Amino acid sequence: MWWDSSPEVCKPGILCPRVDPALVCPGWGICDSSDPFCFPQMDYLEPMGDNISGMARCPYDPKHANVALFTGGMLFTATVTDFLAIDAVIYRSLGDSPTLRTVKHDSKWFKEPYFVHAVEWKNHVYFFFREIAMEFNYLEKMVVSRIARVCKNDMGGSQRVLEKQWTSFLKARLNCSVPGDSHFYFNVIQSVTDILEIDGRPMVLAVFSTPTNSIPGSAVCAYDMAQIAAVFEGRFREQKSPESIWTPVPEELVPKPRPGCCAAPGMQHNSSSLFPDEILSFVKTHPLMDESVPSLGNAPWIIRSVARYQLRKIVVDNAAGPGRNYTVVFLGSDTGTVLKFLIRANLSASSSPARASSHSLLLEEFETYPSDK
């Protein structure tokens, strides 16, 4: 996102990454954030296509989160829809499928989220974000990192339950922590890569930091996409009453077909809109998975603690070197420092994710601009 206050731009705008030359938003068009409105891509000052509303596609304020992914003619966005950033939404528009959104003002779905990234893998779109954890209601505003997913072919629910809303939305916690008698957690996700293939495994790498009221530190954790998918096939977590603690849902109490699954030809219900109300009601009230997604090797690949900065961005070259067989990680901090690491991973496809290991070597650290500016 960018905030353009130059005289040439009449209103504040948000520039979105270009993914398709014919796509209005997010092309290199400008989303008018004072009244969300996506202007068309312009080459040589010639308009291309029609203007479309930016509502639920870009926020009112560039400080608010905004994530977009275009696939199969459909635009998947994660942002907020109002000035106060109260109505957080994962939204699908464009294409031939119906417009869908997450349930509005339901803290079990979202509690003050900040969206970071989105990736496409197989039948789902995955969203990375951080939010206040409702399952730790005995703690005061504990922020955790999440990954959520929706089915690309979701058609919404019935006219009675989840109409024009996702029937496949599920979320799980991302665990990036230092193991030990008492785990030290890096709870605040900052940046995520696209899906990479390292040693034959599809994975993402993510940067995490500690909360402002904790020991300052940052870490990079890696997540296997197959392991992420497996967590979404595990147990659900529920809170039976506002005063009770969150507990796993017994498997015998989970309706069939499994809530949150993608409808497909050959199934008894080949469209999500045909799912029984029991299944739709369950997924509406049980979006949280019981297990967290563990990082590869159950430990961070890189840790920077008690530093004068916190890491905020990550870029990875997984085909570096003369033989294109090295993985180099670039990390950007909140003070402009850039760190360059060489990663040596032991991730053979036959080994389990828990036994995966890696070693990191700091190659370079430099400042992108003088500290006196």
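A polar contact is a pair of N or O atoms within 3.5 Å. Keep that in mind for the close-ups below, which come from a predicted model.

**Figure 1. Here is the whole chain, before we zoom in.** It's a strand-rich picture, with 27 strands and 2 helices. Buried residues account for 50% of the 373 in the chain. Now take the contacts between residues at least 6 apart in sequence: 51% of them join residues at least 24 apart.

**Figure 2. Asp-317 sits in strand E24 and reaches for a backbone nitrogen.** Strand E24 covers residues 311-320, and Asp-317 is one of them. The side chain of Asp-317 comes to 3.0 Å from the backbone nitrogen of Ala-319, and that pair falls under the 3.5 Å cut-off for a polar contact. Is Asp-317 buried, partly exposed or exposed? Its relative accessibility is 33%, so Asp-317 counts as partly exposed. Setting aside neighbours within four places in sequence, Asp-317 is in contact with Tyr-326, Thr-327 and Val-328. Thr-327 is 10 residues away along the chain, yet the C-alpha atoms of Asp-317 and Thr-327 are separated by 5.7 Å.

**Figure 3. Strands E24 and E25 make a hairpin.** The two strands pair in the antiparallel sense, over 7 bridges. To find your way along the pairing, look for Val-315, which stands opposite Phe-330 in E25. There are 5 residues between the strands of this hairpin, and Gly-321 takes a positive phi near 85° there. As for E25 itself (residues 326-333), this strand is mostly covered, with 6 of its 8 residues buried.

**Figure 4. Strand E25 goes on to pair with E26.** How many bridges link E25 and E26? The answer is 6, again in the antiparallel sense, with E26 running over residues 337-346. Val-328, which we met as a contact of Asp-317, stands opposite Leu-342 in E26. This hairpin has 3 residues between its strands, and here Gly-336 takes a positive phi near 95°.

**Figure 5. Arg-149 is tucked away in strand E13.** You'll find Arg-149 in the strand made of residues 143-151. With a relative accessible area of 5%, Arg-149 is buried, because anything under 20% counts that way. The Arg-149 side chain makes a polar contact with the side chain of Tyr-126 at 3.2 Å. A polar contact also links the side chains of Arg-149 and His-124, at 3.4 Å. Leaving out residues up to four places away in sequence, Arg-149 touches a mixed group that includes Val-125, Ser-168, Phe-169, Leu-170, Ala-229, Phe-232 and Glu-233.

**Figure 6. Four strands line up in an open sheet.** The order is E7-E8-E9-E10, and the pairing is antiparallel. Which strands sit at the edges? They are E7 (67-71) and E10 (100-101), each pairing on one side only. E10 is joined to E9 (residues 88-93) by 2 bridges. Tyr-91 has Arg-101 in E10 as its bridge partner.

**Figure 7. This view shows the second largest pocket.** Its volume is about 320 Å³. The pocket is lined by 18 residues, and the closest to its centre are Ala-85, Ile-86, Ala-88, Glu-112 and Pro-113. What kinds of residues make up the lining of the second largest pocket? By class, 10 are nonpolar, 5 are charged and 3 are polar. One of the residues closest to the centre, Ala-88, ties this view to the sheet, since strand E9 spans residues 88-93.

Conventions. Residues numbered from 1 in each chain as written. Predicted model: local features only at pLDDT ≥ 70, side-chain atom pairs only at ≥ 80, totals over all residues. Heavy atoms only, no water. Pairing = 2+ DSSP bridges. 1 Å grid on protein atoms, 1.4 Å probe; cavity = no way out; pocket = protein on both sides within 12 Å on 5 of 7 lines; lining within 4 Å. Points joined across faces, edges and corners; volume = space filled by probe spheres on them. Nonpolar A, V, L, I, M, F, W, Y, C, P; charged D, E, K, R; others polar. Buried < 20%, exposed > 50% of the residue type's maximum accessible area, 1.4 Å probe, protein only. Contact = heavy atoms within 4.5 Å. Polar contact = N/O pair within 3.5 Å; in protein donor to acceptor, adjacent residues only side chain to side chain.
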